[in-house]
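Subject: The structure I promised you

Hi,

Here's the structure we talked about, so open it up and keep it beside you while you read. My notes on what turned up come right after it.

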Amino acid sequence: MTVSTLRHDWRREEIEALFALPFNDLLFQAQQVHRENFDANKVQVSTLLSIKTGACPEDCKYCPQSAHYRTDVDRERLLAVEKVLQEAEAAKAQGASRFCMGAAWRNPKDRDMPYIIEMVQGVKKLGLETCMTLGMLSAEQAEMLKQAGLDYYNHNLDTSPEFYGEIISTRTYHDRLQTLANVRDAGMKVCAGGIVGMGESRSDRAGLLQQLANLPKHPESVPVNMLVKVKGTPFAELDDLDPFEFVRSIAVARILMPQSFVRLSAGRETMNDELQALCFMAGANSIFYGERLLTTPNPEADKDQQLFQRLGIEPLQHEGYSDDVHEAVIGDALQEQEQPVRYYEVS
Ligand code: SAM
Ligand code: DTB
Ligand code: SF4
C-alpha cells in the first residue's frame, strides 16, 4: 500500500483546483488517500466539556460566548476539578477516547493554571486522552500543560488570513500561529482547524486549508466546523453554505493532510445522516460525541450509535487505552438505549 507524501508547499491554485473537481472525482481521490492511511471504518470519538462558559472578552462574530453579543448563554465560572472529573468519567463510560475541555478565555491567567493542571492530571488518570482549548498560550504555559500530561491543544485558525479581519478584531492571525508554534515547541499534539459557512469564498476555504497544510508539521487533528448560527451573534442570519461545499472542504482537508484526523466537528446537529455519511466517505474520521458541544446542541448519543451501526463504523480507541469497560462501549450502549445518558447541562 502506498503512503501519500506529506507536502507543506501547497499553492492556493492547486487547492482551488481540487475544490473545483467534479464531486465524484474529488471524493474518490479523498477516499483513496484515506484508505492509504487509515482504517476507513474507524472513527475517533471525543467528548467536549465547557469548563468555563461565556463572558469572553474576544469578539469572534460566530461565537455565542463572546461578551460583545447578547445571546442566551449564561456565564459560568471555572468548574470545580471534581465536577470536570465526573463528566470525564461519564464520557468514558459512553465510549469517548478523548476528553476535550474548552474555556471561553482570551488566554488562561496564571491563577487558573493550578486548577487546569489538576484537571489534566485527573482526566489522564482515567485513561482518557486529554485535550484543552483555552485561547492563546505563552511558551511557558504550553510547557506547563505539556508537563502536566496534556496530549492535545486545540487552537483554530478559523479562516483564511484575508477573511480573518471580517471575523475577529481582538486577536490577530499571527497571534494564532504563534500559539500553535508554542504548542508544537512544547511537544504537544496540535488540533487546529476552522469554520466554514461564515460567508467566506471558496478561495478563503482553500486559504484556511493551505495555512494548516503548510505548517511545519500537519496538525494531528483538523476540526472542520460548520458554522452553528446562534441567535444574538452577528452571524445568526447568514445564508446556509451548500452542504456539498462542506463535504468538499472535508475531502480537500483529507487530501492535503493525509495522516491527520479530520474531524467532522460543529454543525452535525443540523446535518442528516446522509450528509454525515458523505463526510465520512470524504475522509472525516473523528467526531464530537455527546449531546452538547460547548454551549450548542450536538446529536443525541443514541442517534450517533445508530448512525455508526448503520454505516458499519466502529469507534477507534487510542493505544494504551486500558479499561475492561471500554471494549465496544458504543456497541454495548446500543443494547441499552433506555439508560439515561449523563451529560453537561448548560445552566
Ligand atoms: N476561547 C478559546 C479560543 O477561541 O481559542 C477556546 C474555545 S472556542 C469556543 C473554540 C473554537 O470553537 C473556536 O476557535 C471556533 O473555531 C469554534 N466555534 C465557536 N463558536 C462556533 C460556532 N458558532 N460554530 C462553529 N464553530 C464555533
Ligand atoms: C472545535 O474546532 N470545535 C469545538 C472545539 N474545537 C472546541 C467547539 C465548537 C463550538 C460550537 C459552538 C458552541 O457549542 O458553543
Ligand atoms: Fe472567546 Fe473562543 Fe468564543 Fe472567540 S471563540 S469569543 S475566544 S470563546
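**What I found**

Proline 223 counts as buried, because its relative accessibility is 3%. You'll find proline 223 in strand 7, which runs over residues 221–226. If you want a pair to look up on screen, try proline 223 and aspartate 304: they are 81 residues apart in sequence, and their C-alpha atoms are 18 Å apart in space. Before you go further, keep in mind that this is a predicted model.

**The three ligands**

Let's start with ligand 3. The space that ligand 3 takes up is the largest cavity. Around ligand 3 you'll see Cys56, Glu58, Cys60, Tyr62, Cys63, Ser66, Ala104, Trp105 and Arg171. How many of the residues in the shell around ligand 3 are nonpolar, polar and charged? Six are nonpolar, one is polar and two are charged.

Two residues of that shell are worth clicking on, Glu58 and Arg171. The side chains of glutamate 58 and arginine 171 are joined by a polar contact of 2.9 Å. Glutamate 58 sits in the loop between strand 1 (42–52) and helix 3 (81–93). Is glutamate 58 buried or exposed? Glutamate 58 is buried, because its relative accessibility is 3%, and the cut-off for buried is under 20%.

That loop between strand 1 and helix 3 also holds alanine 55. Have a look at the backbone there: alanine 55 isn't a glycine, yet its phi is positive, at about 55 degrees. With a relative accessibility of 31%, alanine 55 counts as partly exposed.

Next is ligand 1, which has 17 residues around it. The closest are Tyr62, Ala103, Asn156, Asp158 and Val228. Tyr62 may ring a bell, as it is also one of the residues around ligand 3. Here are the polar atom pairs to look for at ligand 1:

- Alanine 103 has a backbone N or O atom that lies 3.1 Å from a nitrogen atom of ligand 1.
- Tryptophan 105 has a polar backbone atom 3.2 Å from a nitrogen atom of ligand 1.
- Aspartate 158 has an N or O atom in its side chain that is 2.8 Å from an oxygen atom of ligand 1.

Stay with aspartate 158 for a moment. Aspartate 158 lies in the loop between strand 4 (152–154) and helix 6 (161–164). Aspartate 158 has a positive phi too, of about 70 degrees, although it is not a glycine. What is the relative accessibility of aspartate 158? The value is 2%, so aspartate 158 counts as buried.

That leaves ligand 2, with 13 residues around it. Asn156, Asn225, Leu294, Thr295 and Thr296 are the closest. In the side chain of asparagine 156, an N or O atom is 2.8 Å from an oxygen atom of ligand 2. The side chain of asparagine 225 also has an N or O atom 2.8 Å from an oxygen atom of ligand 2. For threonine 295, a polar side-chain atom lies 2.7 Å from an oxygen atom of ligand 2. Asn156 also turns up among the closest residues to ligand 1.

**Helix 9**

Now scroll along to helix 9, which covers residues 243–256. Helix 9 has 14 residues and reaches 20 Å from its first C-alpha to its last, close to the 20 Å expected at 1.5 Å a residue. How many of the residues of helix 9 are buried? Twelve of the 14 are, and helix 9 is mostly covered. Among the buried ones are Phe246, Val247, Ile250 and Leu256, and the charged residues Glu245, Arg248 and Arg254 are on the list as well. At the start of helix 9, aspartate 242 has a side-chain oxygen within 3.0 Å of the backbone nitrogen of phenylalanine 244.

**Two more spots to try**

Glutamine 211 is in helix 8 (residues 202–213). Its relative accessible area is 24%, so glutamine 211 is partly exposed. Glutamine 211 and arginine 12 are 199 residues apart in sequence, but 9.7 Å apart in space, C-alpha to C-alpha.

Glutamate 140 belongs to helix 5 (residues 139–148). Glutamate 140 is exposed, because its relative accessible area is 54%. From glutamate 140 to lysine 42 there are 98 residues in sequence and 36 Å in space, C-alpha to C-alpha.

Have fun looking around!

Note on methods:
Residues numbered from 1 in each chain as written. Chains lettered and ligands numbered in written order. Predicted model: local features only at pLDDT ≥ 70, side-chain atom pairs only at ≥ 80, totals over all residues. Heavy atoms only, no water. Helix = DSSP H or I, 4+ residues; strand = E, 2+ residues; numbered from the N terminus. Expected span 1.5 Å × (residues − 1). Buried < 20%, exposed > 50% of the residue type's maximum accessible area, 1.4 Å probe, protein only. Polar contact = N/O pair within 3.5 Å; in protein donor to acceptor, adjacent residues only side chain to side chain. Near = heavy atom within 4 Å. 1 Å grid on protein atoms, 1.4 Å probe; cavity = no way out; pocket = protein on both sides within 12 Å on 5 of 7 lines; lining within 4 Å. Sits in = over half its atoms within 2 Å of the grid points.
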